[in-house]
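Here is a short briefing to read alongside the structure. Take a moment to look it over, and then follow the bullet points topic by topic.

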Amino acid sequence: MPKYGNLDELLLKLKGTTFIDNDQYCDAVFDLIENFPAEPVRQEVHAAWRQMDVCEQDENVYECTACGFALQLIVGTPEDNQYNGCPRCLATMDLDAKGAEG
Ligand SMILES: [Zn+2]
């Protein structure tokens with residue numbers, strides 16, 4: 001999974017480290033980078049709510065095109081109910097339902 005960290009802090013640490021020889025330099029640099037504090041990067045997911053074909057009494061059901069999460073609404077559309085994101089996969093609902101199919 002991709003991670004991010006403060007590159008300025010990493011460069012300061014590298015500049016402040018003294019090395020005796022090239023082998024030690026490589027080991028120290030790899031060690032520094034591997035153990036540098038970093039956070040996983042959340043992948044930005046874009047999706048859409050697609051109305052599902054289900055039995056009549058449950059016809060107001062929408063599916064997240066990214067993860068398949070089913071959202072049942074009493075009235076209105078997901079937009080009307082301000083579901084701008086998927087509660088399961090946290091996708092941003094900014095795609096066209098037809099364009100998001102795949
Ligand atoms: Zn989802």
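**The hairpin and its sheet**

E4 and E5 form a hairpin with five residues between them, and glycine 68 in the turn has a positive phi of about 85 degrees. Please keep in mind that this is a predicted model. The points below start from this hairpin and move outward to the sheet, the core, the backbone and the domains.

*Strand pairing*

- The hairpin strands E4 and E5 run antiparallel to each other and are joined over three bridges.
- On the other pairing, E3 meets strand E4 (residues 61–64), again in the antiparallel sense and over three bridges.
- Together these strands make an open sheet of three strands in the order E3-E4-E5, with antiparallel pairing.
- Strand E3 (49–51) and E5 are the edge strands, since each of them pairs on one side only.
- From one strand to the next, the twist averages 35 degrees.
- Glutamate 63 is a handy residue to find on screen: in E4, it stands opposite arginine 50.
- Glutamate 63 also has a bridge partner in E5, namely alanine 70.

*The nonpolar core*

- Which residues make up the largest nonpolar core? There are eight: Ala47, Ala48, Trp49, Tyr62, Cys64, Cys86, Ala91 and Met93.
- In soluble globular proteins, nonpolar side chains tend to be buried together.
- Alanine 91, one of the core residues, is a good place to look at contacts. Leaving aside neighbours within four places in sequence, alanine 91 is in contact with Val45, His46, Ala47, Cys64, Ala66, Gly85 and Cys86.
- Among those contacts of alanine 91 are Ala47, Cys64 and Cys86, which are also listed in the core.

*Positive phi after E5*

- Glutamine 82 lies in the segment after strand E5 (70–72), and its phi is near 60 degrees, a positive value in a residue other than glycine.
- Is glutamine 82 buried or exposed? Glutamine 82 counts as exposed because it has 8 C-beta neighbours inside 10 Å.
- Leucine 90 also lies in the segment after E5, and its phi is near 65 degrees, again positive in a residue other than glycine.
- Leucine 90 has 14 C-beta neighbours inside 10 Å, so it counts as partly exposed.

*Domains and helix H2*

- The domain assignment gives domain 1 as 3–40 and domain 2 as 43–102.
- Taken over C-alpha atoms, the centres of domain 1 and domain 2 are separated by 44 Å.
- Helix H2 covers residues 22–34, and at 1.5 Å a residue its 13 residues should span 18 Å; the end C-alpha atoms are 18 Å apart, which agrees.
- How many of the 13 residues of H2 are buried? The number is zero, so H2 lies largely in the open.

*The start of the chain*

- Proline 2 is found in the segment before strand E1 (3–4).
- Proline 2 counts as exposed because it has 9 C-beta neighbours inside 10 Å.
- Although proline 2 and arginine 42 are 40 residues apart along the chain, 8.3 Å separates their C-alpha atoms.

Key
Residues numbered from 1 in each chain as written. Predicted model: local features only at pLDDT ≥ 70, side-chain atom pairs only at ≥ 80, totals over all residues. Core = buried A, V, L, I, M, F, W, Y, C linked by C-beta atoms within 7 Å. Buried ≥ 20, exposed ≤ 12 C-beta atoms within 10 Å, placed from the backbone. Contact = placed C-beta atoms within 7 Å. Helix = DSSP H or I, 4+ residues; strand = E, 2+ residues; numbered from the N terminus. Pairing = 2+ DSSP bridges. Axes fitted to C-alpha atoms, helices over the stretch in contact; angles between N-to-C directions. Domains from an automatic or database assignment. Expected span 1.5 Å × (residues − 1).
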